[in-house]
Amino acid sequence: MEMEKDDYGAMQAEMRRFFAAGTTLDAGFRKAKLRGLASAIRRREGDILAALHADLAKPPCEAYITEIAESIDAAEYYAARAAAFSRPRRVWPGRTILPARCKVYPEPFGLALVLSPWNYPFQLSLIPLICGVAAGNCAVLKPSRQAPATGRILRELVEECFDSGHCRVVLDAPEAPGAAAEQTATALLAEAWDFIFYTGSPRVGHIIMESAARHLTPVCLELGGKSPVIVSRDADLAVAARRIAWGKLLNAGQTCVAPDYLLADSAILEELVARIQEEFARMLGPAPLQSPDYGRIVSPAAFDRLCALAERCGVGLIADREILKIAPVIFRTDLASPALEDEIFGPLLPAIPYDSLDAALAYIRANPKPLACYLFTRDKAVEKRVLRELSFGGGCINDVALQASGSHLPFGGVGKSGMGRYHGREGFDLFSNLKSVVHQWPTLDLPLRYPPYGKGRLGWLRRLLGG
């Protein structure tokens, strides 16, 4: 049975008792739990693939690469490093507090809430949970109601691998409509948490922050936005077309780091557009809606939104509402296009020419900072300029989307595309209070620090402290 909202307080009380017992402070305990989770994911691979196909028609290869492999990699990465990341870290004290020794002591926040999305419902649920567990927290995971089959698998895995006081999964009732499902998240957010991690839309991100503010709870928001692809005239167009097309096809374009719009030098735009169209056809064949290597749109509402956007842009679609599939399409347009108003989150790719890199960069800078930015060029000067002049969460040079996949590379947004970083050591630190401590020698005491200061003391202090 699903939990009633009145049970959330009792659930938290049980988990706070578990945390207070200190069990999660043992790095060996965390290591064992994470390795057990990695083993359980491998064992349940077939069930996970089936759930992802039921929720989003994800092809097995795509689902394995982007969901299962990344989750196993994260669990093993943090299992191998939980002890090392937990050790006190020496910090140079600087002139003002020498000869003291300074250390930073990582400690878990306590009880974390993870709210995950539907587009990558397995790994975007588990990897934040893994980070929280690695840091020594207890955690509650609330998966998206729009991926119910994956949510059930997540609950089974967590119940198998963790004590109920350590980690829990809260699901919406199977028959709950949208409003009732939102009440589940609202009820959870009404409770006091020690940390909240949310992946999803900026609109809901505002709600999360408002709820967290009532308890002064720290948050990490992984949001989205308009992620541009810049293609300069010197780029390898064959490689650019293939990789851009692949990035747009992933999860039928429902990826927060997908190429959202294309800015290409006007000298090569037409050739690039033609090449991307050819790549779409090569990857999905002559009947893209029937391709076994292509997923579906998550819901009728999302399908209708994308069709309405295409109509506003004057773009014809190959689409089937019954199976919720839309063939990928690239279309030439300009900066006034409706396709540049909001994040597309689907297989539509507007292509806009630019006459100068100055104009392209000025347009990107004039808009909210994107979660991702991609550049295709062989010119190191262009690469350095883009990296220097544009602010974005992360990106690639001559590729797309890969920055979100590495266990070692921190991932997150900036500005309206989010706040906070996870993956790598940053994921451990995100769920930790980094406690700064000065260790002073009891037998070494400098009288210059104590009043009365008298004449000449300021001069001595300047000489000693470098002022």
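Is N251 buried or exposed? In this predicted model, N251 is buried, with a relative accessible area of 1%. The residue belongs to the loop that runs between α9 (237–249) and β9 (261–265). Its backbone is also notable, as N251 has a positive phi of about 55 degrees although it is not a glycine.

A positive phi in a residue other than glycine is likewise found at L324, where the angle is near 55 degrees. L324 is placed in the loop between β10 (319–320) and β11 (325–326). The relative accessible area of L324 is 10%, and because burial is defined as a value under 20%, L324 counts as buried.

Cis peptide bonds were examined next. One such bond joins L98 and P99, with omega at about 10 degrees. P99 lies in the loop that connects β1 (89–91) with β2 (101–108). Another cis peptide bond links P451 to P452, and its omega is about 0 degrees. In this case P452 is located in the loop between β17 (432–439) and α15 (457–465).

The strands β1, β2 and β17, which flank these loops, together form an open sheet of 3 strands. The order of the strands is β1-β2-β17, and the pairing is antiparallel. The edge strands of the sheet are β1 and β17, each of which pairs on one side only. On average, and with direction ignored, neighbouring strands of this sheet are turned by 30 degrees against each other. The antiparallel pairing of β1 with β2 extends over 3 bridges. Within this pairing, R90 has K103 of β2 as its bridge partner.

The analysis then turned to pockets. The largest pocket has a volume of about 1200 Å³. Its lining comprises 38 residues, and those nearest the centre of the pocket are W118, Y198, S201, R203 and V204. Two or more lining residues are contributed by each of the helices α7 (178–190), α8 (202–215) and α11 (300–312), and by the strand β6 (195–199). When the lining of the largest pocket is divided by class, 19 residues are nonpolar, 12 are polar and 7 are charged.

Definitions and conventions: Residues numbered from 1 in each chain as written. Predicted model: local features only at pLDDT ≥ 70, side-chain atom pairs only at ≥ 80, totals over all residues. Heavy atoms only, no water. Helix = DSSP H or I, 4+ residues; strand = E, 2+ residues; numbered from the N terminus. Buried < 20%, exposed > 50% of the residue type's maximum accessible area, 1.4 Å probe, protein only. 1 Å grid on protein atoms, 1.4 Å probe; cavity = no way out; pocket = protein on both sides within 12 Å on 5 of 7 lines; lining within 4 Å. Points joined across faces, edges and corners; volume = space filled by probe spheres on them. Nonpolar A, V, L, I, M, F, W, Y, C, P; charged D, E, K, R; others polar. Pairing = 2+ DSSP bridges. Axes fitted to C-alpha atoms, helices over the stretch in contact; angles between N-to-C directions.
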